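Reader: Hi! Could you take me through one helix and the sheet it belongs with, in some detail?

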Amino acid sequence: MEVVIVKDAPAGGALVADSIAALLRRKPDALLGVATGSTPLPVYQALAAQVRAGSVDVSRARIAQLDEYVGLPPGHPESYRSVVLREVVEPLGLDEAAFLGPDGSADDVQAACEAYDRALAEAGGVDLQLLGIGTDGHIGFNEPCSSLASRTRIKTLTRQTRADNARFFDSPDQVPHHVITQGIGTILEARHLVLLATGEGKAEAVAQAVEGPVAALVPASALQLHPHVTVIVDEAAAGRL
Ligand code: GLP
């Protein structure tokens with residue numbers, strides 16, 4: 001595991017964007033796994049700026065979603081599908097056809113989870129998976145005590161995660177209780193994992209993930225099992241390392 005400490009969030013975003021651009025120069029049709037939340041936004045902005053400047057061609061890139069709320073109506077602005085289309089797919093000038101994601105409004109959610117795992121495999125697997133980290137150490141929506149071998153499946157959010165994500169909704173009770181998330185086992189199949197964390201609020205989770213024991217109680221600690229992981233943290237998030 002490589003740990004890189006950068007000055008601040010924009011520097012972290014620029015570094016990850018450079019890494020994605022380098023991948024796309026090697027493999028123009030790479031499958032990029034993207035995360036939601038506030039942390040990766042500087043990455044998408046920096047990458048879109050590189051596209052506008054003509055320094056990278058993303059036209060053949062494909063985008064895969066990490067997780068999704070269950071039960072939000074299709075087109076809800078805070079469904080992760082909407083967020084990824086708005087923050088990643090459209091700014092990069094990609095077509096919706098380049099986008100893969102689980103169906104959070106399916107009648108049979110379990111079948112939708114299995115279909116998504118199959119779709120990822122059929123697409124050749126994720127080349128680079130960008131991850132954020134929850135304050136409780138979750139990755140995707142794999143909350144503490146998730147199986148380290150888990151596949152894409154339905155999960156129930158903890159009170160803490162619902163409270164953390166309430167800022168995206170008009171009121172806290174609108175945050176869905178259930179989600180679909182790529183499992184930890186699914187995430188570990190990506191060829192390169194890049195975890196980005198910024199801000200003091202993530203310092204404890206980062207320290208446990210990077211320097212603590214591998215444990216289901218800290219889902220991000222499973223990254224220690226993967227042969228190609230880059231952890232990029234700003235000085236504030238590195239505060240407990
Ligand atoms: C959600 C997402 C995660 C993300 C986390 C942290 O729970 N499912 O993928 O890493 O939020 O979000 P933020 O970057 O806003 O702190």
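Author: Happy to; here is a close look at the helix, followed by the sheet.

This is a predicted model, in which local features need pLDDT of at least 70, side-chain atom pairs count only at pLDDT 80 or more, and totals for chains, interfaces and linings use all residues. Residues are numbered from 1 along each chain as its sequence is written.

Let's start with helix H1, residues 9–26. Helices here are DSSP runs of H or I with at least four residues, strands are runs of E with at least two, and both are numbered from the N terminus. The expected span of a helix is 1.5 Å times one less than its number of residues. For the 18 residues of H1 that gives 26 Å, and the end C-alpha atoms are 26 Å apart, which agrees.

Now to its two sides. A residue is buried if 20 or more other C-beta atoms lie within 10 Å of its own, exposed if 12 or fewer, and partly exposed in between, with C-beta atoms placed from the backbone. In H1, the buried residues are Ala9, Gly12, Gly13, Val16, Ala17, Ile20 and Leu24. Viewed down the axis of H1, these buried residues fall within an arc of 130 degrees (taken from the directions from the helix axis to the C-beta atoms), so they line one face of the helix. Ala22, Arg25 and Arg26 are exposed on the other side of H1.

What do the buried residues of H1 pack against? Their partners are strands S1 (2–6), S2 (31–34), S6 (128–131), S9 (192–197) and S10 (229–234), together with helix H2 (41–52). Contact means that two C-beta atoms, placed from the backbone, lie within 7 Å.

That brings us to the sheet. Seven strands form an open sheet in the order S1-S10-S9-S6-S2-S3-S5, with parallel pairing. S1 and strand S5 (99–100) stand at the edges with a single partner strand each, so one side of each has no neighbour in the sheet. Two strands count as paired if DSSP finds at least two bridges between them. S2 and S6, which run parallel, are joined by two bridges; Leu32 has Leu128 in S6 as its bridge partner.

One loop is worth a stop too: Arg60 sits between H2 and strand S3 (62–65). Arg60 counts as exposed because it has 12 C-beta neighbours inside 10 Å. Arg60 and Pro28 are 32 residues apart in sequence, yet their C-alpha atoms are 5.7 Å apart. Setting aside neighbours within four places in sequence, Arg60 is in contact with Pro28 and Asp29.
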